[in-house]
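This report walks through selected strands, salt bridges and a cavity. Look at the sequence and structure first, then read on.

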Amino acid sequence: MSAHIVRTTDGLVYATPAGFEGRSEGYTGDSIVDEPSGGVQMGFRVARLEAGGSVATHVHSFEESIYVIEGSLTIDTPEGSVELVPGDYGLLPLGVTHAFRNTSQVAARFAEMKAPLPRERFGFDTRFPSELLAAGPARRIDVRDPRTRSFGHIDAESMDPAMQTQDRLAVSASMRTALLVYSGITVKMMVDSDLGADLSTMFMVQYEPNGFAGPHDHPLEEAYLILDGEVDGVFDGETYHLGPGDVAWAGVGCVHEFRNSGPGRVRWLETQAPQPPGRHSYRFARDWSYLDQALADDASAVTP
């Protein structure tokens, strides 16, 4: 049976991440997907940065994507500083030097997606070079401004098919923000190759009432952070009722399915590593069950 993890909001434990002791102030997190938990392709953490907190300049040999859940997070890079607020997201490509700070009066909470998986035996693939030059004023994200080309914004309204009008899409720099709608499920890509990612994806998923995705698995790892509503997730035959703040993870080959079990829409942040292949990224159990039945029918037809 392949690996899976489900962590509820009450089960999250925040601590200073290994390697950041003495190099951060007010920075804690719960590393939900990591080497000890069985991750191979990705790391996934829900982090906090207290008001006035900071993380020293650092650089990774992995790709990192950020999604802000609460509060305000400023990211400093050699290209400048960007302030992220709830619903904002961004990509920090492999090898990009950066630092975090929180200049607001409240704690920031955010998801960190890392691919490939940081390795403990190599210092979690993180180095601490000299500090960046004094940071200037932080920009807010503008998807039309090439200076914030590695960042974007998404909210509940972005997932409503009725709101995908031309005047709203006109503020987009590309069709990257187009909404995929099928069978009561909507998907909007956030971090992918169009945004410059090479090793991972991050996107938003929404299920209408009674929305359902049947049993399937992937040749990649997935993590899910529930933001709104309620969903029943089944992972390798085990059923979990998930609500806002809960996190789940499915390893390669983990057969999983989802059903909206609440009275309204359910929405979650989803990540994948590595990026899906051009073909065969989904393997639906129903297709192979159909083949089993077809073969059984063929055998019955030729039996004397």
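## A covered strand

Strand S15 is mostly covered, with seven of its seven residues buried. The model behind this statement, and behind every other one here, is predicted. S15 spans residues 201-207.

How do the side chains of S15 point? Thr201, Phe203, Val205 and Tyr207 point one way. Met202, Met204 and Gln206 point the other way. Both sets are buried. In a regular strand the side chains alternate between the two faces of the sheet.

Which strands does S15 pair with? One is S22, residues 266-273, joined to S15 by seven bridges. S15 and S22 run antiparallel. Within this pairing, Phe203 has Glu270 of S22 as its bridge partner.

Another is S14, which is joined to S15 by six bridges. This pair is antiparallel too. Two of the contacts can be named. Ile185 has Tyr207 in S15 as its bridge partner. Lys188 is matched with Met204 in S15.

## From S14 to the surface

S14 covers residues 185-191. Six of its seven residues are buried, so S14 is largely enclosed by the rest of the structure.

S14 also pairs with S13, in the antiparallel sense, over four bridges. Here Val181 stands opposite Thr186 of S14. S13 and S14 form a hairpin, and two residues lie between them. Ser183 sits in that turn and has a positive phi of about 50°.

S13 runs over residues 179-182 and includes Tyr182. Is Tyr182 buried, partly exposed or exposed? Its relative accessibility is 38%, so Tyr182 counts as partly exposed. Tyr182 also belongs to a nonpolar patch on the surface, along with Leu180 and Tyr282. Together these residues have about 310 Å² of accessible area.

## Salt bridges

How many salt bridges does a search of the whole structure find? The search finds 14. Side chains of opposite charge can pair when their charged atoms come close. The table lists some of these pairs.

| Acidic residue | Basic residue | N to O distance |
|---|---|---|
| Glu50 | Arg48 | 3.0 Å |
| Glu70 | Arg109 | 3.4 Å |
| Glu79 | Arg149 | 2.8 Å |

Take the pair of Glu79 and Arg149, whose side chains meet at 2.8 Å, N to O. This pair links distant parts of the chain, 70 residues apart. Glu79 is in the loop between S5 (73-77) and S6 (80-84). Arg149 is in the loop between S11 (139-140) and S12 (151-153). Glu79 is exposed, because its relative accessible area of 58% is over the 50% cut-off.

Next, Arg109 and Glu70 form a salt bridge, with the closest N and O atoms 3.4 Å apart. Arg109 lies in S9 and Glu70 in S4 (residues 63-70), so the pair ties together parts that are 39 residues apart in sequence. Arg109 counts as buried, because its relative accessibility is 17% and buried means under 20%. Glu70 is partly exposed, with a relative accessible area of 39%.

Last in the table's set is the salt bridge between the side chains of Glu50 and Arg48, at 3.0 Å, N to O. Glu50 is partly exposed, at 31% relative accessible area. Arg48 counts as partly exposed as well, at 26% relative accessibility.

Salt bridges also form a network, which links Arg45, Glu112 and Lys114. These names come up again in the next section.

## The cavity

How many cavities of 30 Å³ or more does a search of the whole structure find? It finds one. The largest cavity holds about 30 Å³ of space.

Which residues line the largest cavity? The lining is made of Phe20, Tyr27, Arg45, His58, His60, Glu64, Phe100, Glu112 and Lys114. Arg45, Glu112 and Lys114 are thus part of the lining and are linked in the salt-bridge network.

Strands S3 (43-60) and S9 (108-115) each supply at least two residues of this lining. S3 gives the most, with three residues. S9 is also the strand that holds Arg109, the salt-bridge partner of Glu70.

Definitions and conventions. Residues are numbered from 1 along each chain as its sequence is written. This is a predicted model: local features need pLDDT of at least 70, side-chain atom pairs count only at pLDDT 80 or more; totals for chains, interfaces and linings use all residues. Side-chain values use heavy atoms; hydrogens and water are left out. Patches are made of residues with over 30% relative accessible area and no salt bridge: like charges are joined within 9 Å, nonpolar side chains (Val, Leu, Ile, Met, Phe, Trp, Tyr) within 5 Å. Accessible areas come from the Shrake-Rupley method with a 1.4 Å probe; for residues, only the protein chains shown count as cover. A salt bridge is a side-chain nitrogen of Lys or Arg within 4 Å of a carboxyl oxygen of Asp or Glu. Buried means under 20% relative accessible area, exposed over 50%, partly exposed in between (1.4 Å probe, protein chains only). Two strands pair if DSSP finds at least two bridges between them. On a 1 Å grid over the protein atoms alone, a cavity is a set of points where a 1.4 Å probe fits but cannot get out, and a pocket is an open set with protein on both sides within 12 Å along at least five of seven lines; lining residues have an atom within 4 Å of a point. Grid points are joined across faces, edges and corners, and a volume is the space filled by probe spheres set on the points.
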